[in-house]
Amino acid sequence: METLTNTKSNEKATMAQPEKFVYFFAAGEAEGNASMKNTLGGKGANLAEMTAIGLPVPPGFTISTDICTHFYKEGGRLPEWVRPKVIEALQKVENKIGKKFGDIKNPLLVSVRSGARASMPGMMDTILNLGLNDQTVEGLAQSSNNPRFAWDSYRRFIQMYSDVVMGMNSSLLEVTLEDMKADKGIHNDTDLTTDDLKKLVKKFKDMVQQMTGQSFPNDPFEQLWGSISAVFRSWNTPRAITYRDLHGIPAEWGTAVNVQSMVFGNLGDDSATGVAFTRNPSTGERKFYGEYLINAQGEDVVAGIRTPQPISTLQEVMPAPYKDLETIYQKLESYFKDMQDIEFTIEKNKLWMLQTRNGKRTAKAALQIACDMIDEKMITEEEAILRIDPASLDQLLHPTLDPKAQKVELAKGLPASPGGVCGQIVFTPEDAVEMKEKGHKVILVRVETSPEDIAGMVAAQGILTSRGGMTSHAAVVARGMGKCCVAGCADIEVNYNTETFKAKGYILKKGDVITLDGSTGEVFLGEVKTIEPKLDGTFNRLMTMADKVRRMNVRANADTPKDAQTARDFGAQGIGLCRTEHMFFGADRIDAVREMIIAETRPEREKALTKLLPMQREDFYQLFKIMDGYPVTIRLLDPPLHEFVPHTDAEINELAKRINYDAARLKNKIQSLHEFNPMLGHRGCRLAVTFPEIYQMQSRAIAEAAAQMVKEGKKLVPEIMIPLIATAKELEMLRAQTIEAVEKVQKEKGVKFDYLVGTMIELPRAAVTAHEIAKQADFFSFGTNDLTQTTLGLSRDDSSRFLGSYVSQGIFAKDPFVSIDQVGVGTLVKTGVDLGRQTKGNLKVGVCGEHGGDPDSIEFFENVNLDYVSCSPFRVPIARLAAARATLLRKKKK
Ligand code: PEP
Ligand code: MG
């Protein structure tokens, strides 16, 4: 299947019955190893590896991920040919252990667990104690000489199996267990006697029969096939799908199934079970971190019914197994050269390892661990760079919601711009400004935003829209400002008339408080506590390492001095895109912009433009000054003019009064600007073809600002950029006009400065005729937002409504407005670069669409030889790290 974005290739793509698909592991004979994650899943591969390096791992086998694909191809059934191989492997386990599966005297019990290539903690299913029935339970009671343990294992098995395999609501059985404890006045499960457990088992089985209409299976093999199938099925549960979507794990990968002989942490007070991290996953501190429970099985630790003990106390309670655990965790960490997340069981004072994997960690911990491991000479700087997920740095750059806080979720939209903010809701940009002035924190709620909302967006803590995608105006602008934004939140129903929105049965009115989590897209009722970001030494150290390595430059998209300063503070090497239209919305200038738009004659238009000129000059001067010799790419006006004018009668009448214009005539004029498809209409360079004075004014303002800088002895590199070019002819004409305007200023002011005139490549025609366009351009900057929109014929503002279905159904691997469609849009980018450089060998080429801040896209841009990426200021550190990774990965491939 060809999916958009980069499809990660399957290790085995064929659908024929695989030659080998069951991999045995036991002390001294592991058929797999850690490099076989694609086939064995992470858990299976590491179980094999742990066995191979001599660690105590209960014997078992892994059914490969290919079988998951076959399982779904056969309509959710285990293919018949799988069974003999599984039985064969099970017999090998029996021989190792000296017990038989289903044996009524000394039964072998197994666990059945999931394990995908990428770890998906807690997202899929597990069954423990499999192989117990009314006969084998007696055998287990005798062989273990511990009837209580046998019956406890049996009741646990029924609880798990009926839930995971038979689809019964497990809480019903849990309630029965709790009721029994309450009746007996006891607190812990461990206080239940053998007789109690026997009674529970009987009750549980009756309940299963009643609720499911099926009797609980007594045949251990039926239990085994049921469990294996259930684990494969759990690959496609809603929570697994959500997790996969969130982490870009392709649906076709599938999970492996691990069948392993049981070891028991519930055999008494000399037994225990636990989970641990070799370092603190939240802070990165180099300290063994974990929990355990005496006389328990794994799910007790996770379920939180009994409070687990901190691992530090295990040393006193079980000194010998603790000592082994210490040796093993250190061995695992230096073997895998990364922080490990381990699961273990102690059975009668003997330690068994059930899992090891690279532990999930916060960004803060990731940095700390990477830096410490460099100092410990465990990894190199380059390995450290490759290890940290650039996107995770986002967590460090914005205030975030306190993970410990209580929350009531109202709705979920697109995580358009990260951060955690709360405030009172308002529905108009004017209210946002007014409330902010009164000292309130507000969240601007809109159906969608338009450029005229900008002042309200600036005033708001965060923005919530019910429509629009990840590159909608709200999202782009919010990211640019580092402002939290949840966009395309279809769960909310906004009513401007009543100034309310509905969500999950709540009706929220103006002034009510909500909280947004821009990193997850969640919207919460009321105020949720946030925590401020702190950038520490490890962050700067990582950035310095990344800067040493990366080939591409990183610039920022910035339109205001504040954004420009943030960009510099985050290490941007220039401005790659200044969207000048954002400068038109200030209260002091919007009316002049409107006068320019409605002008009917050239002199009228020029008069309005003369008012704007000094303001624009000052804007550009400030940006040049902050960028202090780094290049500043200023894009001339892009959006269609109707975006700048008011649309309601009341607003039009007010404007008419203010600018002393006839209201009816003004209304007519505004109506005449209406376009059915403005994104493909009179915008970008097309505005300048019909109204050359706009670009001429902007070029003059740039040149005058530059001249002032030169006079003050300051360094600058101005780059004037013309948007939405489709033909070389357009650019030829507009470039000549721009140069004329700049040279005129140079002559008037008697100063010379170097400057470039380049273009955006954001239409397919421009990309495929880039050799022609390059003749007229000093540089190219790919506008991949518009290039995606026009190549796919997908509206960047409207498609979020259905793009989710495209991603969940695997048509697109990722939202193409977030991560570049490498096969389609990417090919146009590569073509444009190559053709452009055919004409001009050293043509400077960058990208300034939102993809410039997306790590996967940045890797693509590295590979097609762009000179720089430009992204919103708050993504600059992410882009610096992603560019470094891309350089390293490319070197590795070579
Ligand atoms: C683009 O199209 O990629 C771009 C950067 O321009 P804008 O988002 O302003 O259309
Ligand atoms: Mg564009």
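Reader: Which element gives the most to the shell around ligand 1?
Author: This is a predicted model, where local features need pLDDT of at least 70, side-chain atom pairs count only at pLDDT 80 or more, and totals for chains, interfaces and linings use all residues. Residues are numbered from 1 along each chain as its sequence is written, chains are lettered from A and ligands numbered from 1 in the order written, and side-chain values use heavy atoms, without hydrogens and water. A shell residue has a heavy atom within 4 Å of the molecule; helices (DSSP H or I, at least four residues) and strands (E, at least two) are numbered from the N terminus. With three residues, the top contributor is helix 30.

Reader: How many residues surround ligand 1?
Author: The closest are Arg579, Gly783, Asn785, Asp786 and Arg796. By class, the shell has three nonpolar, four polar and seven charged residues. Here Asp, Glu, Lys and Arg count as charged, Ala, Val, Leu, Ile, Met, Phe, Trp, Tyr, Cys and Pro as nonpolar, and the others, Gly among them, as polar. The number around ligand 1 is 14.

Reader: How much of the accessible area of ligand 1 does the protein cover?
Author: Start with the oxygen contacts. A side-chain N or O atom of Arg635 sits 2.9 Å from a ligand 1 oxygen, and backbone atoms of Thr784 and Asn785 reach ligand oxygens at 3.0 Å and 2.7 Å. On its own, ligand 1 has 290 Å² of accessible area (Shrake-Rupley, 1.4 Å probe). The covered share is 96%.

Reader: Which residues are the protein donors of the magnesium ion, ligand 2?
Author: Donors are N, O and S atoms within 2.8 Å of the metal (3.2 Å for Na, K and Ca); water is not among the atoms, so the site may look incomplete. The distances here are 2.0 to 2.1 Å. One donor is in the loop between strand 31 (756-761) and helix 28 (764-768), the other in helix 30 (784-792), 24 residues apart. They are Glu762 (OE) and Asp786 (OD).

Reader: Is Glu762 buried or exposed?
Author: Buried means under 20% relative accessible area, exposed over 50%, partly exposed in between (1.4 Å probe, protein chains only). Glu762 is at 1%, so it counts as buried.

Reader: Within what arc do the buried residues of helix 23 fall?
Author: In helix 23 (649-659), Ile652, Leu655, Ala656 and Ile659 are buried. They line one face, because their directions down the axis (axis to C-beta) share a limited arc. Ala650 and Lys657, on the other side, are exposed. The arc is 105 degrees.

Key:
A polar contact is a pair of N or O atoms within 3.5 Å; within protein, one must be able to donate a hydrogen and the other to accept it, and residues adjacent in sequence count only if both atoms are side-chain atoms.
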